[in-house]
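I opened this entry to look up aromatic pairs and one chain-to-chain contact. The notes follow in the order of looking.

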Amino acid sequence: MHFIHKYGSPNYFYQWSGTWLKILSALTLILMALGLYWALIISPPDYQQSETVRIMYIHVPSAWMSMFTYVVMASAGVVAMIWRIKVAEIVVAQSAIIGASFTLLALVTGMLWGKPMWGAYWVWDARLTSELVLLFLYVGVLAIYSAYEDPRTGAKAASILAIVGVINIPIIHYSVEWWNTLHQGPTVTKFDSPSAPLSMLTPLFIMFFAFKTYFFALLFARTRNALLSRERHTSWVQEILEK
Amino acid sequence: MTIKPNNTSIHCLAAQNLSCERGRRELFSDVAFSLNSGQSLIVTGENGSGKTSLLKILTGLSLAAEGAVLWDQQDIHHQAQSYQQQLLYIGHRAAVKTELTVRENLQLLLKLWPNELAMSIPELAACVGLRKRLSVQCGRLSAGQQRRVALARLFVAQQKLWILDEPLTALDVEFIEAIEQQLGRHLDNQGLLVLTTHRGIEIDPAKLIKLELSR
Amino acid sequence: MNIFLAVLQRDLKLALRRRREVANPLVFFIIVVSLFPLGVSPDRELLSEIAPGVIWVTALLASLMSMDAIFRSDYDDGSLEQLLLLPGSKVLLVLAKVTAHWISIGLPLIIIAPVMALLLYFPAHAIVSLMVTLLISTPILSLLGAVGVALTLSLRTGGILSSLLILPFYIPVLIFSTMAISAATSNLPVMGYYALLGAFLIMSLILVPFAVVAALKVSHN
């Protein structure tokens with residue numbers, strides 16, 4: 001596992017992530033502009049939901065990213081616990097913040113979408129409920145991380161919680177879905193229409209990739225910042241600052 | 001009570017450039033030493049200099065920010081089981097259950113920890129001067145007496161490496177002598193000893209290594 | 001196995017000496033359940049409808065409240081660091097402590113729950129399902145709760161924070177258990193729910209102790 005130590009050493013990470021940060025930021029700009037233009041202007045309004053359907057182009061990618069980020073966070077947690085890589089510890093903390101924001105975004109857009117659809121901002125729909133539980137899980141990780149004065153200990157505690165969480169999420173998700181079907185009868189899920197036309201799917205996928213590159217660009221930028229402040233007394237940071 | 005000289009193999013505890021961070025503050029850095037069978041290491045330093053943290057790193061309970069602790073030339077975290085077989089650690093918290101009587105606490109010590117001395121509970125209690133208080137709940141004992149219950153382990157221990165954090169706190173002069181004798185026997189039997197203390201302790205200077213932590 | 005039995009015996013003996021403290025969560029359970037008729041309505045039908053949820057949510061909270069005791073006193077007096085230095089399996093050590101905790105809190109809860117359920121006009125023919133779900137699920141609650149407590153041991157705000165971390169993980173247990181009970185109430189087959197809960201229990205028994213050990217080590221760092 002030599003390469004983990006190599007790519008995870010603070011100094012080397014700072015170097016290679018710099019290049020990636022530039023590429024990812026450029027990609028994000030292009031994809032976001034293209035995706036938003038397509039989603040908000042080119043794509044047709046839905047015949048049932050008319051213009052409100054456009055919330056989907058933000059809501060669905062956020063919901064996807066909220067789950068994806070949790071997996072990234074837990075994977076970083078595994079690396080942090082086994083190999084004690086400092087960068088991985090920072091990634092855990094940073095993805096928790098980003099993931100919680102995606103989850104909140106998915107919840108808020110879901111509620112805004114729900115108002116015209118269901119006539120109420122909140123219904124105990126399986127997906128919204130799952131997303132709410134996911135937000136609780138993120139809040140837990142953030143709470144335990146910030147409760148420790150020592151950031152390294154806090155990151156380790158957060159990693160353990162994230163790993164326990166990632167094993168539990170499928171079970172929670174499944175149980176909530178099941179609870180929902182038994183209590184309300186199979187509701188027609190309005191968030192994914194299997195017969196969505198290509199004119200809607202294309203911008204959705206572009207937005208999906210835009211969110212993904214945005215996530216990694218953000219993660220790299222935040223991790224690099226945190227790393228600089230954490231390691232500010234070391235010689236390699238001093239060298240960078242002098243340049 | 002004598003400890004019968006069991007396997008007289010030679011052991012070595014070594015620390016390599018240990019450093020320790022608490023919060024964003026560095027407690028100590030570049031601590032290194034090498035301790036052989038029959039030697040004792042006394043860690044000194046002002047309050048907050050990281051004495052307890054260093055001892056905890058040596059036991060393997062805490063992780064050093066950098067550096068390694070070696071037992072017989074091997075990292076202690078790569079041989080946790082066999083290291084823990086050889087290790088006796090008494091922290092500054094007594095680890096005595098106040099709800100249990102002296103007898104029950106001593107029984108627990110004998111049951112949980114490997115020991116090879118066939119000594120009855122009353123005999124062990126006599127060693128630490130608590131013979132008459134066997135059925136008293138430890139919560140009713142004084143701090144010094146609770147400390148004695150914890151230190152009873154020193155009289156039955158077969159471990160080679162003793163790490164003691166302020167062992168003499170709250171003890172009266174008589175019992176301090178008993179402990180010093182016991183530590184001397186341990187060193188005579190090729191044991192290793194690491195301890196912190198803020199008061200002097202009688203140990204053969206030839207066997208003594210001093211380590212001062214300073215920022 | 002020696003370490004398991006020795007620690008189990010030790011913890012049960014300690015629990016026996018602290019009977020009054022151990023009884024607190026049970027008293028909490030009884031009082032909170034009795035508040036519902038006062039707060040909602042003494043209406044027979046309404047109460048029997050919400051009884052499974054009330055009993056279960058209150059049991060969750062009572063179990064969570066009691067969790068702190070599993071490591072707290074051992075952490076405070078230094079016994080826990082000694083136990084972690086014992087040569088031998090730390091997983092068995094954790095399992096022993098969780099088992100002892102479950103015997104002293106979980107079992108009495110299972111015995112009291114039916115009595116409290118009847119006060120809420122819980123249908124008598126579904127009482128067995130209530131007890132079975134509690135029997136399978138309370139060990140899961142103890143295991144998961146132990147993670148939360150272990151993670152927050154060295155923090156001053158431990159208690160409330162650990163509940164915050166762990167409650168979301170209790171959701172599947174709550175859902176499966178209450179669904180099993182409502183199935184039993186309407187005379188539907190319940191074995192499937194028991195099997196699911198059982199699977200969850202086995203998974204927790206295998207995986208959770210490792211998380212607890214890791215968390216205890218972090219707390220002692």
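I began with two rings: A:Phe102 is buried, and so is A:Phe215, where buried means under 20% relative accessible area, exposed over 50% and partly exposed in between (1.4 Å probe, protein chains only). I note that this is a predicted model, in which local features need pLDDT of at least 70 and side-chain atom pairs count only at pLDDT 80 or more, while totals for chains, interfaces and linings use all residues. Residues are numbered from 1 along each chain as its sequence is written, chains are lettered from A and ligands numbered from 1 in the order in which they are written, and side-chain values use heavy atoms, with hydrogens and water left out.

Next I looked up a pair that joins two chains: A:Trp178 and C:Phe176 are edge-to-face, 5.8 Å centre to centre with 65° between the planes (rings of Phe, Tyr and Trp, its six-membered ring, pair if their centres lie within 6.5 Å; planes under 30 degrees apart are stacked, over 60 edge-to-face, the rest tilted). A:Trp178 is partly exposed because its relative accessibility is 23%, whereas C:Phe176 is buried, at 2%.

I then turned to chain C and chain B, where the contact (heavy atoms within 4.5 Å) takes 28 residues from chain C and 29 residues from chain B. The rule finds seven salt bridges across this interface, a salt bridge being a side-chain nitrogen of Lys or Arg within 4 Å of a carboxyl oxygen of Asp or Glu. I recorded one formed by C:Glu81 with B:Arg93, whose closest N and O atoms are 3.7 Å apart.
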